[in-house]
Amino acid sequence: MDTIQNDTVAQFAYNLNVDGEEVESNLLEYLHGHGNIIPGLEEGLLGMQEGERKQVFVAAKDAYGEFDPTLILNVNRESFPEDFEIRLGEPMNLRDASGNVFSAVATAVSDESVELDLNHPMAGKDLNFQVTILSIRPATEEEIAHGHLHSAGGCAGCEPEDCGPGCESGCCG
Ligand code: ZN
């Protein structure tokens with residue numbers, strides 16, 4: 001397997017720069033062609049070879065989406081539990097009246113209301129990746145069937161609903 005194609009597993013090192021600052025530097029291994037990484041990055045990695053380095057620019061719309069001003073909400077301060085500490089600028093996991101959990105950042109707070117930003121923290125940001133391909137291998141049939149990577153220990157890090165017969169680690173349980 002020479003280049004990254006659908007149903008190959010690639011490992012790469014990357015630095016991520018946003019607004020001219022490095023925000024992340026890491027290693028990632030993923031199954032190509034199954035939407036496991038942001039679409040713009042997946043597209044940029046297609047066809048790359050082992051050892052190849054490349055700058056991949058991903059515009060906001062192909063990364064975490066454009067910033068959506070309608071996702072800024074004002075909610076009544078009283079809808080928060082009394083002992084709940086609201087910290088400005090920090091992501092919080094909240095639960096709505098129907099019990100759905102969502103992530104939001106408080107952007108302003110007063111005695112009566114809290115302004116919440118429900119946008120992804122990276123929404124509206126253009127991402128600049130410097131990537132180096134470390135290894136490429138064909139995916140196993142099981143990985144292709146599950147639509148995600150299995151590490152050496154079997155199925156790992158996947159959602160229970162992704163898992164089928166043959167998943168070895170505890171992720172299905
Ligand atoms: Zn699996």
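How many aromatic pairs does the structure contain? In this predicted model, the count comes to four aromatic pairs. A pair of aromatic rings is described by the distance of the centres and the angle of the planes. For phenylalanine 12 and tyrosine 14, the centres lie 5.8 Å apart and the planes meet at 45 degrees, an arrangement classed as tilted. Both phenylalanine 12 and tyrosine 14 are buried. A tilted geometry is also found for phenylalanine 80 and phenylalanine 84, with 5.5 Å from centre to centre and 35 degrees between the planes. Within this pair, phenylalanine 80 has a relative accessibility of 10% and counts as buried, whereas phenylalanine 84, at a relative accessible area of 27%, is partly exposed. Because the limit for a buried residue is under 20% relative accessible area, phenylalanine 80 at 10% falls within that class. Beyond individual pairs, Phe12 and Tyr14 belong to one aromatic cluster together with Tyr30 and Phe129.

Charged side chains were examined next. Side chains of opposite charge can pair when their charged atoms come close. The count of salt bridges in the model comes to five. One of them joins the side chains of aspartate 19 and lysine 125, with an N to O distance of 3.4 Å. Aspartate 19 is located in the loop between β1 (8-18) and β2 (21-31), and lysine 125 in the loop between β7 (113-117) and β8 (127-138), so this contact ties together parts of the protein that are 106 residues apart in sequence. The two partners differ in their exposure class: aspartate 19 is exposed, with a relative accessible area of 63%, while lysine 125 is partly exposed, at 28% relative accessibility.

A further salt bridge is formed by the side chains of lysine 61 and aspartate 62, at 3.3 Å from N to O. Here lysine 61 is exposed, with a relative accessibility of 58%, and aspartate 62 is partly exposed, at 30%.

The salt bridge between glutamate 85 and arginine 87 has its closest N and O atoms 3.6 Å apart. Glutamate 85 is exposed, its relative accessible area being 53%, and arginine 87 counts as partly exposed, with a relative accessibility of 43%. This contact is part of a network of salt bridges that links Glu85, Arg87 and Glu90.

Definitions and conventions:
Residues are numbered from 1 along each chain as its sequence is written. This is a predicted model: local features need pLDDT of at least 70, side-chain atom pairs count only at pLDDT 80 or more; totals for chains, interfaces and linings use all residues. Side-chain values use heavy atoms; hydrogens and water are left out. A salt bridge is a side-chain nitrogen of Lys or Arg within 4 Å of a carboxyl oxygen of Asp or Glu. Helices (H or I, at least four residues) and strands (E, at least two) are DSSP runs, numbered from the N terminus. Buried means under 20% relative accessible area, exposed over 50%, partly exposed in between (1.4 Å probe, protein chains only). Rings of Phe, Tyr and Trp (its six-membered ring) pair if their centres lie within 6.5 Å; planes under 30 degrees apart count as stacked, over 60 as edge-to-face and the rest as tilted.
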